[in-house]
Amino acid sequence: METGRIRNFCIIAHVDHGKSTLADRLLELTATVDTRFLKAQHLDTLELERERGITIKLVPVRMRYRDREGCEYILNLIDTPGHVDFSYEVSRSLAACEGALLVVDAAQGVEAQTVANAYLAVEQDLELLPVVNKIDLASAQPERALKELEDVIGIDTEGALLVSAKSGVGIAEVLDAVVRRVPAPEGAPEVPLQALIFDSVYDNYRGVICYVRVVNGSIRSGQQITFMANGISDQVEEVGFFTPSMRASEELGPGEVGYVIANVKTLHEARVGDTITDARRPAEKPLPGYKRVKPVVFCGFYPVEREEYPQLRDALEKLQLNDSAIDFTPETSAALGFGFRCGFLGLLHMDIAKERLQREFNVDLVATTPNVGYHVVLTSGEILEAHRPSDFPDLGKIEEIREPYIKLSMFLPTDYVGKVMQLCQDKRGVYGSMEYITPERVRLVYELPLAEFILDFHDKLKSVSRGYASLDYEHVGFRQGNLVKVDVLLNDEPVDAFSFICHQDAAYHRGQAVVRKLKELIPRQLFEVPIQAAVGKKVIVRQNIKPLRKDVLSKCYGGDITRKRKLLEKQKEGKKKMKQIGRVSIPQEAFLAFLKVSEDAEE
Amino acid sequence: MRRSRSASCDAGGSGGWNASSLRDEALLRNAAALASDAPLSVYVHIPFCVRKCPYCAFTSLVPASGGIIDAYLEALEGELARWTETAGRMFCAETLYIGGGTPSLLAPRQWERLIGILEGGLRFLPGAEVSVEANPESLAATSLRLWRDWRISRVSLGVQSLDEEELAWLRRPHSAARARDALSACLAAGFRTSVDLMFGLPFQTLHRWHRTLQELHRSGVRHLSLYQLTLEKDSVWGVCPPSESLPDGYAFYRFAQWYLRRKGYGQYEIASFAAPGEWCRHNLAYWRGGNVLGLGAAAWGFLEGIRYGNGNDVARYVAEARREGAVSVEERLEGRKRAGEAAVLALRTAGGVRLRGFARRHGPEEAARLVRCLEPFGERFLRREFGRIAFSPGGMRVANALWTEVLADDEDEASPEEGFLSGRSCRR
């Protein structure tokens, strides 16, 4: 197909503004998918996506469309994930398009992610087609939504499309606009191959399937190709496009979107953002924008049953085949035994990984409270990456500690400005700016330590704004923070699993919460046990667990001896399951609950 | 040979005391013969009550008619006869304890029958201690006379409390007044009378507890057994608890230890307080590892190191006790496990473990291990004198925690060869 008849576009929207429903309607109208087989959110392939109403994985689809003059076009719709955790993936799929439908909910107007995604699209030079969705709603205010698009984002809303994806109003006009207003791809068939990998998935039978957008040249089966980021070469087994199921074709030419299956075994070899070129006639340089995404949020995954450690490892390996952004390394925990320290792109990413492990791989697991990675500058000038309190060296060796910051932008009704500002201050936020989008709505920008954000910021924001605030963020790098490592000592022995990093001002408060919680959870022992929280050598909180005074004495006659002995044996067994730190027995619940203590500490 | 025996239990599934496991029978027969050599303790279980208390997990049922009790006594006679045949001679009782259930529930003519059975099937050492359990609501004057005229020397009365509200809350079938009457009847009849009490009720106060103890002391009772209310899995309250939480019981137990001592009751065992000379010898036999012949449904016995338990199905007991015996569970601990259990039992008593004797029976290593386990707990919990190691009053309060230290770890267990039947039981 000549490039003039191809349109590559995507849909970007804030979560819940109707992106998937609009995609469904487009497929229906172009008869790409038989309506009998059309399920809601057709392009969201993961069970989890349908359930949560979010998009995680991108599924590109090729639609045939005949315009009013009878010209046939190929429209490639590239669905994008709508969550900040996946902003790099979003940027890559945007890079595969020439245009974007910017969907805004007619009742809710512009939200944080609308802005973030629109700017990403502008940055990629995409033609933006504003679409106001849900105009059938009683509370719809399309004019207000359009005004916000102009005021907040600054785009021209002339020719904006008013639709209702739910009832099908205005869908034909959307397709028409795509053909007329989205530029055709440029690209030359005869120059060396450059194809952008905007996503890749792992299939049990076929290995890695790369979703590509051919920019220049063409790719066909049998061709020897090179992945430019790592220089690995492979032979193409099959190319094709999505209808949305995979259909093989002879070749993919410039401007076309489809898939490539080569002899690639792991996603690490074919990373999102990489460029495929012809091994025999390589392009001079790769397409711009490739970067390796780095995990920013870390947590431990442990099997519920300790024997299931190998299963968890297998499952993680398989999951990693599907999701190369996941990082994991083995670690051991006093409470949980053998497990893995895993790195993720964000909290949602972590949640999804956890649920997929449980659902798709049937592994019961315990996830520890997420934390961020710190940069510890040593007195020697060396910089250490530390993901856990135990990675931190002695206080004396630390010059400074740096922690990751994010720039947070929030959209909210003016009524809640005070409360949200208070929340941001509590979370060590640094005020950035405040703009009135409309007299009733405000855009608030703060810079916030990521560690505070992942603790529970989202929940707190929802609760102080009654769900009316939306947010988006970007990483803005590491900054020096007044951070300390708080050690927790039981009977004068430090217990690694209980230590934590926090801001100096919060050390007392959080230390107290931890000590209180431990006092609740550690059963009385035969002797008094002091629990202390300390920064370096300085004890900041101290409480004692009173010794056991009395344990139960129930009736026991001669015959009960066996039963009684078994009860004692069970009790002993229980005690053995507890972790012995010095002479103190600590039940597993204490470790587990501790993993959540940071949340309670706020109250 | 020992291993094959335990294997036969597993394979047969029926285990215990019937034709399919002749070896078991042979071993227990041996033990019975050995045990019949010297006076021992005999326990008889009477598994009937006027009604089931919500906290109770012992085997008992409410008899539909007197007929079931008659049939039960018949079976009891059969079981005793069978043991006598097995041992090759009559057993000689040093102590006899008729417990339940509620033995006082038996009608006088049923008592006559039971007395006939025991008198006909056992010999009694002169001065044998014979105890019977009674509940105030079913204590009949005729029975009291029968008991006195026969050999019964002790009555253990299930008073539980002398506080009306507490009794009502416990859903006991008797009132405080009824308990007082029963108590004075027992004392007037000249029985050594013991009273069972309960503490750790949700609304109990030290004042109420003191009133009950004081009144009992004044009434002349010279033996008290104190039990903390617990919610047993197999009881009504184990399924639906009467209250969200129960107190830890510390204050009541602590107070009793202090108060009863001042009034002349020594704590000779973890749950028992008695005036000098009033110790229950039958009770002590359990903790000292003496031989016990257990008779009746759900009764337990201990013969020459083999502990056995009878099945707790009363109907089945009635049907099979004579012909097949009633044993459904057997257990013989060896080595470290046996030593651990013996220590736990002995540590229930104020006398504790006599280290010399313990070393002789279980080996010096075990004696040394015991001392090693306990020593770190020091004087707060322990008493060491005259070659004994025992719990102090403070140690008695946290006995459960201390016992778990004493019990052998599984991995400490010596080779499986040695641990024949250890921790293994054959279920019927």
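Here is a friendly exchange about the chain A and chain B contact and one helix of chain B in a predicted model.

Residues are numbered from 1 along each chain as its sequence is written, with chains lettered from A and ligands numbered from 1 in the order written. Because the model is predicted, local features need pLDDT of at least 70 and side-chain atom pairs count only at pLDDT 80 or more, while totals for chains, interfaces and linings use all residues.

Biologist: Which element gives the most to the side of chain B that touches chain A?

Modeller: Happy to help! Contact means that C-beta atoms, placed from the backbone, lie within 7 Å, and 30 residues of chain B are in contact with 20 residues of chain A. Elements are DSSP runs numbered from the N terminus, helices being H or I of at least four residues and strands E of at least two. Those giving two or more residues include strand E6 (223-228), helix H10 (250-262) and helix H18 (399-406) of chain B. With four residues, the most comes from H18(B).

Biologist: Nice. Where do the buried residues of H7(B) fall, seen down its axis?

Modeller: Buried means 20 or more other C-beta atoms within 10 Å of a residue's own, exposed 12 or fewer, and partly exposed in between, with C-beta atoms placed from the backbone. In H7(B), B:Ala176, B:Ala179, B:Ala182, B:Leu183 and B:Cys186 are buried. The arc is taken from the directions from helix axis to C-beta atoms; the buried residues line one face of H7(B), because they fall within an arc of 120°.

Biologist: Which exposed residues does the face turned away from the buried side of H7(B) carry?

Modeller: Good follow-up! What covers the buried residues includes strand E4 (154-160) and helix H8 (206-219) of chain B. The face of H7(B) turned away from them carries B:Ala177 and B:Ala188.

Key. Two residues are in contact if their C-beta atoms, placed from the backbone, lie within 7 Å.
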